[in-house]
Amino acid sequence: MSQPIPFSTALRERSTTAHSGSESAGFMSDLINGKGTRDDYVALVAQHWFIYEALEGAADRMRRDSVASVFITDKLTRIPALEADLEFLIGADWREQIAPLPTTRRYVDRINKVAATWAGGFVAHHYTRYLGDLSGGLFIGRLMQRRFGFDTNGIGFYVFADIADPKQFKEVYRDQLDAAPWDDAEKDRVIEEVLLAYRFNTELFEDLARAKAEAAA
């Protein structure tokens with residue numbers, strides 16, 4: 001009898017296309033390939049702040065949940081780094097100079113709706129953001145550092161000083177996914193929420209590209 005596929009493997013396999021589509025969106029592709037500007041990068045950092053404010057607020061509310069709490073660790077917290085980055089990139093009044101784009105508002109609304117009350121929904125958004133940050137995000141941080149002449153100021157979001165071995169951390173995280181007490185129906189719900197999170201990411205890049213074109217018109 002064949003062994004059942006581990007949930008983390010099924011999740012990765014079913015979300016691969018959505019993940020690839022998000023990464024290849026025009027705005028992000030331009031930023032990675034050298035066509036994007038410093039202002040483009042700043043615009044992305046600003047939208048990240050709204051998303052992580054919602055996600056880490058949800059984490060604070062889910063710490064007592066027996067399932068969700070397994071995935072929560074202060075080693076992943078990004079808001080202090082994002083705020084330091086924004087102060088460096090924009091200035092002390094950065095809060096007055098940024099606003100969420102339409103997709104960011106919908107993304108934040110979704111996190112606030114499901115991730116503070118449904119453990120599986122929280123884990124779906126947590127997984128999508130943080131495991132991405134510990135994978136391609138580390139590469140993006142180094143790339144932006146070289147391209148725009150940053151030291152650690154400006155790319156603190158991508159620096160996980162408290163995680164010595166990102167690969168091992170991700171392996172443990174996947175083991176935790178496999179151990180989550182979810183039946184097949186709940187696993188499907190979690191995967192669908194991950195796919196939704198990836199759609200938000202892709203649509204956010206489209207919003208950023210649109211905003212850039214409108215500003216240049």
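**Close-up 1. Proline 102 in helix H6.** Proline 102 sits in helix H6 of this predicted model, where helices (H or I, at least four residues) are DSSP runs numbered from the N terminus. With 43% relative accessibility, proline 102 is partly exposed; buried stands for under 20% relative accessible area, exposed for over 50%, and partly exposed for what lies in between (1.4 Å probe, protein chains only). From the C-alpha atom of proline 102 to that of leucine 76 the separation is 26 Å, and the two residues are 26 residues apart along the chain.

A word on how to read the views: residues are numbered from 1 along each chain as its sequence is written, and side-chain values use heavy atoms, with hydrogens and water left out. Because the model is predicted, local features need pLDDT of at least 70 and side-chain atom pairs count only at pLDDT 80 or more, while totals for chains, interfaces and linings use all residues.

**Close-up 2. Tyrosine 127 and the annotated binding site.** UniProt, in an unreviewed entry, places the feature "binding site" at Arg12, His19, Tyr127 and Arg174. UniProt positions follow the numbering used here, feature names are shortened, and annotations may be inferred rather than shown by experiment. Of these residues, the view centres on tyrosine 127, which belongs to helix H7 (residues 119-133). Tyrosine 127 is buried because its relative accessibility is 8%. Setting aside residues up to four places away in sequence, tyrosine 127 touches Leu11, Arg12, Gly132, Tyr173, Leu177 and Val194; contact here means heavy atoms within 4.5 Å.

**Close-up 3. The largest nonpolar core.** A nonpolar core is a set of buried Ala, Val, Leu, Ile, Met, Phe, Trp, Tyr and Cys residues joined through side-chain atoms within 4.5 Å. The largest one has 72 residues, and those touching the most other members are Tyr41, Leu44, Trp49, Phe122, Tyr173 and Leu177. Helix H3 (residues 38-62) supplies the largest share of this core, 14 residues. Follow phenylalanine 122 outwards and, beyond its neighbours within four places in sequence, you meet Leu55, Ala58, Ala59, Met62, Ala68, Ile72, Val114 and Ala115.

**Close-up 4. Glutamate 56, a buried charge.** Glutamate 56 is part of helix H3. This residue is buried but has no salt bridge, and the nearest side chain of opposite charge, arginine 78, is 5.5 Å away. For charges, Lys and Arg count as positive and Asp and Glu as negative, with His and the chain ends not counted. A salt bridge asks for a side-chain nitrogen of Lys or Arg within 4 Å of a carboxyl oxygen of Asp or Glu. What glutamate 56 does have is a polar contact of 2.8 Å between its side chain and that of tyrosine 130. A polar contact is a pair of N or O atoms within 3.5 Å; within protein, one must be able to donate a hydrogen and the other to accept it, and residues adjacent in sequence count only if both atoms are side-chain atoms. Apart from neighbours within four places in sequence, glutamate 56 is in contact with Leu76, Thr77, Arg78, Ile79 and Tyr130.

**Close-up 5. Histidine 125 and its surroundings.** Helix H7 also carries histidine 125. Its relative accessible area is 0%, so histidine 125 is buried. Not counting residues up to four places away in sequence, histidine 125 touches Leu55, Tyr107, Arg110, Ile111, Val114, Glu193 and Ala197.

**Close-up 6. Salt bridges to helix H10.** Side chains of opposite charge can pair when their charged atoms come close. The salt-bridge count comes to 11. One of them joins arginine 14 and aspartate 188, whose closest N and O atoms are 2.9 Å apart. Arginine 14 lies in helix H1 (residues 7-23) and aspartate 188 in helix H10 (residues 184-216), so this pair ties together parts that are 174 residues apart in sequence. Both partners are partly exposed, arginine 14 at 40% and aspartate 188 at 38%.

Lysine 212 and aspartate 40 meet in a salt bridge of 2.7 Å, N to O. This pair links helix H10, home of lysine 212, with helix H3, home of aspartate 40, across 172 residues. Lysine 212 is partly exposed at 37%, whereas aspartate 40 is buried at 7%.

How values were computed
Helices (H or I, at least four residues) and strands (E, at least two) are DSSP runs, numbered from the N terminus.
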